[in-house]
Amino acid sequence: MKFIVTILMLFSLKANAQYDSIYVNLYTDSLKRGTFNYINIDGLRNGIYQPLDTNVIEFNCSYGEFSGNNLWIPETWHQEKVRVRATVKNQPALYKEFFLYIKKEEDPPLKSEKEILEEMKMKSKKKKA
């Protein structure tokens, strides 16, 4: 029983931990419309970085909808950027506010397996010549 109480106390300490700072680490330079865009927030505590999710961070944005750390931007929205604010829930004075730009051009369609193999054959023939 003491073991269970000790474990629960450790979890409650971790949940109420104070962060020195938070950082935004994006995997892309712009958001895509019509898809989920992961917003990565890292917290620094006692010299150790750790990823933070919505158990610790509260997200707000000027447009779109959050599901966990994922921001959904509808395809019908055509503004240049979105303002995002990530706030540490138990430290409201600790937040990051930033703008994320919306991708302007659509990605080209993916090539089929056949097209890729044909390109590889053509490159191989050019090297032999």
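A polar contact is a pair of N or O atoms within 3.5 Å, and residues adjacent in sequence count only if both atoms are side-chain atoms. The tour returns to this definition at serine 30. The structure on display is a predicted model.

**The whole chain**

Begin with the entire protein in a cartoon view. It has two helices and nine strands. Traced from the N terminus, the elements run α-β-β-β-β-β-β-β-β-β-α. Switch next to a surface view: the accessible surface is about 9900 Å², and carbon and sulfur atoms account for 56% of it. Of the 129 residues, 27% count as buried. Where contacts link residues at least 6 apart in sequence, 52% of those contacts join residues at least 24 apart.

**The sheet E1-E3-E4**

Select residues 21–24, 41–45 and 48–52, which are strand E1, strand E3 and strand E4. They form an open sheet in the order E1-E3-E4 with antiparallel pairing. E1 and E4 are the edge strands, each pairing on one side only. Neighbouring strands in this sheet are turned by 30° against each other on average, direction ignored.

Keep E3 and E4 in view; five bridges join these antiparallel strands. To locate one of the paired positions, select leucine 44 together with its bridge partner in E4, tyrosine 49.

Now move to the loop between E3 and E4 and select asparagine 46. This residue counts as exposed because its relative accessibility is 68%, above the 50% cut-off. Its backbone also deserves inspection: phi is positive, at about 55°, although the residue is not a glycine. Most residues other than glycine have a negative phi.

**Serine 30**

Select serine 30 in the loop between E1 and strand E2. Is this residue buried or exposed? Serine 30 is buried, because its relative accessibility is 16%, which lies under the 20% limit. Add aspartate 29 to the selection: a polar contact of 3.5 Å joins the side chains of the two residues. Then display Tyr101, Ile102 and Lys103, which serine 30 touches when residues up to four places away in sequence are not counted.

**The sheet E2-E7-E6**

Select residues 35–38 for strand E2, 70–73 for strand E7 and 65–67 for strand E6. These strands make an open three-stranded sheet in the order E2-E7-E6, again with antiparallel pairing. Its edge strands are E2 and E6, each of which pairs on one side only. From one strand to the next, the twist averages 35°.

Three bridges connect E6 and E7 in the antiparallel sense. One pair to highlight is phenylalanine 66 and its bridge partner in E7, leucine 71.

**The largest nonpolar core**

Keep Leu71 selected and add Ile39, Ile41, Ile57, Phe59 and Val84; within the largest nonpolar core, which has 21 residues, these six touch the most other members. The elements that give two or more residues to the core are strand E5 (57–61), E7, strand E8 (81–88) and strand E9 (91–101). Which element supplies the largest share of this core? That share, four residues, comes from E8.

Finish by centring the view on isoleucine 57. Leaving aside neighbours within four places in sequence, isoleucine 57 is in contact with Ile22, Ile41, Leu52, Ala86, Thr87, Val88 and Lys89.

Note on methods. Residues numbered from 1 in each chain as written. Predicted model: local features only at pLDDT ≥ 70, side-chain atom pairs only at ≥ 80, totals over all residues. Heavy atoms only, no water. Buried < 20%, exposed > 50% of the residue type's maximum accessible area, 1.4 Å probe, protein only. Contact = heavy atoms within 4.5 Å. Areas by Shrake-Rupley, 256 points an atom, 1.4 Å probe, with all protein chains shown as cover. Pairing = 2+ DSSP bridges. Axes fitted to C-alpha atoms, helices over the stretch in contact; angles between N-to-C directions. Polar contact = N/O pair within 3.5 Å; in protein donor to acceptor, adjacent residues only side chain to side chain. Core = buried A, V, L, I, M, F, W, Y, C linked by side-chain atoms within 4.5 Å.
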